[in-house]
Amino acid sequence: MNVDTDVNCTALEVTATWRTHGRGNVATGSGETAILFSGQWTAGENPEYRFELPIADWPPSYHGHYLNVDHYVDARAKIPWGFDPKASVPYMMRPSGGPDAVQPIRNVTEAGPIVGTILVTVLFGFAAFFIYMLIQMGWIALIFLGLPLIGACVWFVKVFLPRYLLGNVECEIAADQAVPGESIEGKLIIRPRRNVSVNEITMNFQALEKCISGSGSNRKTHKHVFYESVVTLQSSTTLQAGQEQRFPFSVTLPSDAPYSLELDDNNLIWSSNLRVDIPRWPDWTKELKLTVVPSGKGEESAAHSLTEAYESQPILQTEPVRESSSLSAPEAA
């Protein structure tokens, strides 16, 4: 940096930070802070301060359609009775491992037939109660009980009716955590209660960015599918009653697949969506989520120092320090 006037600096500090930008609400995080200097700067000086600063090991840098994640080194010179000069340098962060706080997604298995029967009984009991209250209270009952009844009806159509024909469908996946380039295998098991004609059985393997902007009544969800592969597991056929049918599937992640992210209002989601297309009947569907994590091989350590990353050049270059001015943002190293 260049100093063009005598000035007192109470602290020159640098901090490793990250933040999102794009369609979603901004999510931020910061790592450690280092104090590089405190004292008097004299006009005409060009001080340089080398430092080592551990950086956050998650999330990785990512540049997509609606979602971007960038890491920065933020510098700030604290000047009494003046504006604090600031500067920021972006850098690429490639992790060698996922965050300890994030666990692999566990896909929930479907409820068994006994649980389904109980839920249907409760649904019809609630419907009878709703009709009774509608007679007694009129439109007030519709306001307070209508939405739960609508939700129950949606469950009845989308979940119970397909299971009524197909029985208790099982979907097994060997692992719900994978690294880029790895193959994921699983199988769909159907034991139909009666003969069922199906148009096809498919698996849609996809990755999408899901970002949320605004809040309250202005809250809006933005989705962008950036990878998609549809595989047909079975063409038109008839599933025989009482006979177990197995449909194995396998998907391979792209070698450059971005890692799964779950940040505040900013998510990158990998999933397999299975569908049994039943003619003139609600289709059976199931979503299996997958966590994509770094392999830990051939990657730079996320804990490396910034000095090592930029050992051939100064990390921060700023405009001259003035007591009442701010530093201009530097170019990326």
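Colleague: What is the relative accessible area of Tyr227?

Modeller: This is a predicted model, in which local features need pLDDT of at least 70 and side-chain atom pairs count only at pLDDT 80 or more, while totals for chains, interfaces and linings use all residues. Residues are numbered from 1 along each chain as its sequence is written, and side-chain values use heavy atoms, with hydrogens and water left out. With a 1.4 Å probe and protein chains only, buried means under 20% relative accessible area, exposed over 50%, and partly exposed in between. Tyr227 therefore counts as partly exposed, because its relative accessible area is 27%.

Colleague: The structure holds six aromatic pairs; at what angle are the planes of the Phe205 and Tyr227 rings?

Modeller: Rings of Phe, Tyr and Trp (its six-membered ring) pair if their centres lie within 6.5 Å; planes under 30 degrees apart count as stacked, over 60 as edge-to-face and the rest as tilted. The centres of the Phe205 and Tyr227 rings are 6.1 Å apart, and the pair is edge-to-face because the planes are at 80°.

Colleague: How many residues apart in sequence are the parts that this pair ties together?

Modeller: Strands here are DSSP runs (E, at least two residues), numbered from the N terminus. Phe205 belongs to strand E10 and Tyr227 to strand E11 (residues 220-234), so the parts tied together are apart in sequence by 22 residues.

Colleague: Is Phe205 buried or exposed?

Modeller: The relevant value for Phe205 is a relative accessibility of 2%. Phe205 therefore counts as buried.

Colleague: How far apart in the chain are Phe226 and Trp270, which form an aromatic pair?

Modeller: The pair is edge-to-face, 6.0 Å centre to centre with 85° between the planes. Phe226 lies in strand E11 and Trp270 in strand E15 (residues 266-277), and the distance between these distant parts of the chain is 44 residues.

Colleague: The largest nonpolar core has 41 residues; which strand gives the largest share?

Modeller: A nonpolar core is a set of buried Ala, Val, Leu, Ile, Met, Phe, Trp, Tyr and Cys residues joined through side-chain atoms within 4.5 Å. Among the residues with the most contacts inside this core are Trp270 and Leu274. The largest share, five residues, comes from strand E10.

Colleague: Which side chain does a polar contact join to that of Ser213?

Modeller: Ser213 also lies in strand E10 and, at 17% relative accessibility, counts as buried. A polar contact is a pair of N or O atoms within 3.5 Å; within protein, one must be able to donate a hydrogen and the other to accept it, and residues adjacent in sequence count only if both atoms are side-chain atoms. At 2.8 Å, the partner of Ser213 is His222.

Notes: Helix = DSSP H or I, 4+ residues; strand = E, 2+ residues; numbered from the N terminus.
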